[in-house]
Amino acid sequence: MPIAGVVISVHPVSVPSAIADLSSLDGVEIHGSDARGNIVAVLEAASTGEMEQCIRHISGQEHVLHVGLTYLNVEDEAEHSSAVEGRSGSYRES
């Protein structure tokens, strides 16, 4: 399960509205904001593809100016991918 830490930038006057909109989205946890319009959030998704969709969706929200990725963990997905490659014989160590 990919987990990402992001800073979402909005116009400072839009922070309360943006937080309300973002809080209603599945997999989005708001952890704080500041007076300059930065909102700190953690995103969780089932796959990296879903994480990309989530970030694109947030980027398209009315108040959002920018979504900055600060942390991304896909360890579980990488382990699963390695295990599948190992079983199929397509994984080669160099």
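User: What makes Met1, Ile3 and Tyr71 a nonpolar patch on the surface?

Analyst: Keep in mind that this is a predicted model. Met1, Ile3 and Tyr71 have about 280 Å² of accessible area together. To join such a patch, a residue needs over 30% relative accessible area, with nonpolar side chains linked within 5 Å. Tyr71, which belongs to strand β4, has 46%, so Tyr71 clears the 30% cut-off.

User: Then why is Tyr71 called partly exposed?

Analyst: The label "exposed" starts over 50% and "buried" ends under 20%. Tyr71 has a relative accessible area of 46%, so Tyr71 falls in between and counts as partly exposed.

User: How do you know that the side chains of Arg56 and Glu52 meet in a salt bridge?

Analyst: The nitrogen of an Arg side chain has to lie within 4 Å of a Glu carboxyl oxygen. For Arg56 and Glu52 the N to O distance is 3.4 Å, so the pair passes. Side chains of opposite charge can pair when their charged atoms come close. Searching the whole structure turns up one salt bridge.

User: Why are Arg56 and Glu52 separated by about one helical turn?

Analyst: Both sit in helix α2, four residues apart, which means about one turn of helix between Arg56 and Glu52.

User: Are Arg56 and Glu52 buried or exposed?

Analyst: They get separate labels. Arg56 has 53%, which is over 50%, so Arg56 is exposed. Glu52 has 46%, so Glu52 is partly exposed.

User: How do you know that β2 and β3 pair?

Analyst: Pairing takes at least two bridges, and strand β2 (residues 28–33) has five with strand β3 (residues 38–44), in the antiparallel sense. Ile30 faces Ala41 of β3. In the hairpin these strands make, four residues lie between them, and Gly37 adopts a positive phi near 100°.

User: What makes β1 a partner of β3 and of β4?

Analyst: Again, set the bridges against the minimum of two. β1 and β3 run antiparallel and are joined by seven bridges, with Ile3 and Glu44 of β3 as bridge partners. β1 and β4 are also antiparallel, with eight bridges between them. There, Val7 is opposite Gly68 in β4. Both pairings therefore meet the minimum.

User: Why is β1 called mostly covered?

Analyst: Of the eight residues in β1, six are buried, which means that those six have under 20% relative accessible area. Over the protein chain, 29% of the 94 residues count as buried.

User: Which residues touch the most other members of the largest nonpolar core?

Analyst: The core has 18 residues, and the best connected are Val6, Ile8, Val10, Leu22, Val28, Leu43 and Ile58. Two or more residues come from each of β1 (3–10), α1 (15–23), β3, α2 (48–59) and β4 (64–73). β1 is the top contributor with four. As core members have to be buried, each of the 18 is under the 20% cut-off.

User: What does Val28 touch, not counting residues up to four places away in sequence?

Analyst: Val28 has Leu22, Ala41, Val42, Leu43, Cys54 and Ile58 as contacts under that rule, which means heavy atoms within 4.5 Å in each case.

User: And what does Ser59 touch?

Analyst: With the same sequence neighbors left out, Ser59 touches Val64 and Val67. Ser59 is in helix α2 and has a relative accessible area of 38%, so Ser59 is neither under 20% nor over 50% and is called partly exposed. Its C-alpha atom lies 8.4 Å from that of Ile8, and 51 residues separate Ser59 and Ile8 along the chain.

User: Why does Glu50 count as partly exposed?

Analyst: Glu50, also in helix α2, comes out at 40%, so Glu50 lands between the two cut-offs. The C-alpha atoms of Glu50 and Met1 are 10.0 Å apart, with the two positions 49 residues apart in chain numbering.

User: How many helices and strands are in the protein chain?

Analyst: Three helices and four strands, in the order β-α-β-β-α-β-α from the N terminus. Of the contacts between residues at least 6 apart in sequence, 66% link residues at least 24 apart. The chain exposes about 6100 Å², and carbon and sulfur atoms account for 51% of that area.

Terms used
Residues are numbered from 1 along each chain as its sequence is written. This is a predicted model: local features need pLDDT of at least 70, side-chain atom pairs count only at pLDDT 80 or more; totals for chains, interfaces and linings use all residues. Side-chain values use heavy atoms; hydrogens and water are left out. A nonpolar core is a set of buried Ala, Val, Leu, Ile, Met, Phe, Trp, Tyr and Cys residues joined through side-chain atoms within 4.5 Å. Buried means under 20% relative accessible area, exposed over 50%, partly exposed in between (1.4 Å probe, protein chains only). Patches are made of residues with over 30% relative accessible area and no salt bridge: like charges are joined within 9 Å, nonpolar side chains (Val, Leu, Ile, Met, Phe, Trp, Tyr) within 5 Å. Accessible areas come from the Shrake-Rupley method with a 1.4 Å probe; for residues, only the protein chains shown count as cover.
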